[in-house]
Amino acid sequence: PEVKMASKGFKQDMPPPGGYADFDFAKRMGKKRMGGFAIFGSFIGFTVGAWAIFTWARRQQLRDDLEMRDARLAIIPLMQAEMQRSTLRQFRINRDEENELMKDVKGWKTGTLWGEPVFYNVRGRWNNPSVEEYFAHCDKFEKMKIVYPNLEH
């Protein structure tokens, strides 16, 4: 096969007249921003500032905790009174239910077991009732729902 030469219009790429510009390949050091003492001083300054903010926030948290404890202590008697009122309300319902159930039994007196008082309090203080006493006339499943609320899924 015959090899053809390039046409007349071909021009070889050459460097520009005068050559390419020099390029710097040596390592360049950046501008020095802060010295060692300045870095150490700023570290100390930030640490002191952060410690001051932390101390202030901790004191604020302790003040808030104290206020919340005082509020809880102040409201405890009210909550106990409401719980006791609810218990007495349930006892009244239990007593009425017992009266209704035992109305046909001769000699039955509500609050006694064959004449012996069930509820006897020497000191006149509040006694927390047992679960069985509180839910005496309640459905077993209703009692379970209230006593063990996590069982219901």
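This report covers a pocket, a surface patch and an aromatic pair in a predicted model.

## Ground rules

Because the model is predicted, local features need pLDDT of at least 70 and side-chain atom pairs count only at pLDDT 80 or more, while totals for chains, interfaces and linings use all residues. Numbering runs from 1 along each chain as its sequence is written, and side-chain values use heavy atoms, with hydrogens and water left out.

## The second largest pocket

The second largest pocket holds about 250 Å³ of space. A pocket here is an open set of points on a 1 Å grid over the protein atoms alone, where a 1.4 Å probe fits, with protein on both sides within 12 Å along at least five of seven lines; lining residues have an atom within 4 Å of a point. The volume is the space filled by probe spheres set on the points, which are joined across faces, edges and corners.

Among the lining residues are Gln80, Met83, Trp126 and Phe135. Helix H1 (36-101) and helix H2 (131-134) each give two or more residues, helices being DSSP runs of H or I with at least four residues, numbered from the N terminus. H1 gives the most, with five.

## Along helix H1

Phe43 lies in helix H1, and joins Phe40, Ile44 and Val48 in a nonpolar surface patch with about 410 Å² of accessible area together. Patch members have over 30% relative accessible area and no salt bridge, with nonpolar side chains joined within 5 Å; a salt bridge means a Lys or Arg side-chain nitrogen within 4 Å of a carboxyl oxygen of Asp or Glu. Areas come from the Shrake-Rupley method with a 1.4 Å probe.

Trp51 and Phe54 are three residues apart in helix H1, so about one helical turn separates them.

Notes
Patches are made of residues with over 30% relative accessible area and no salt bridge: like charges are joined within 9 Å, nonpolar side chains (Val, Leu, Ile, Met, Phe, Trp, Tyr) within 5 Å.
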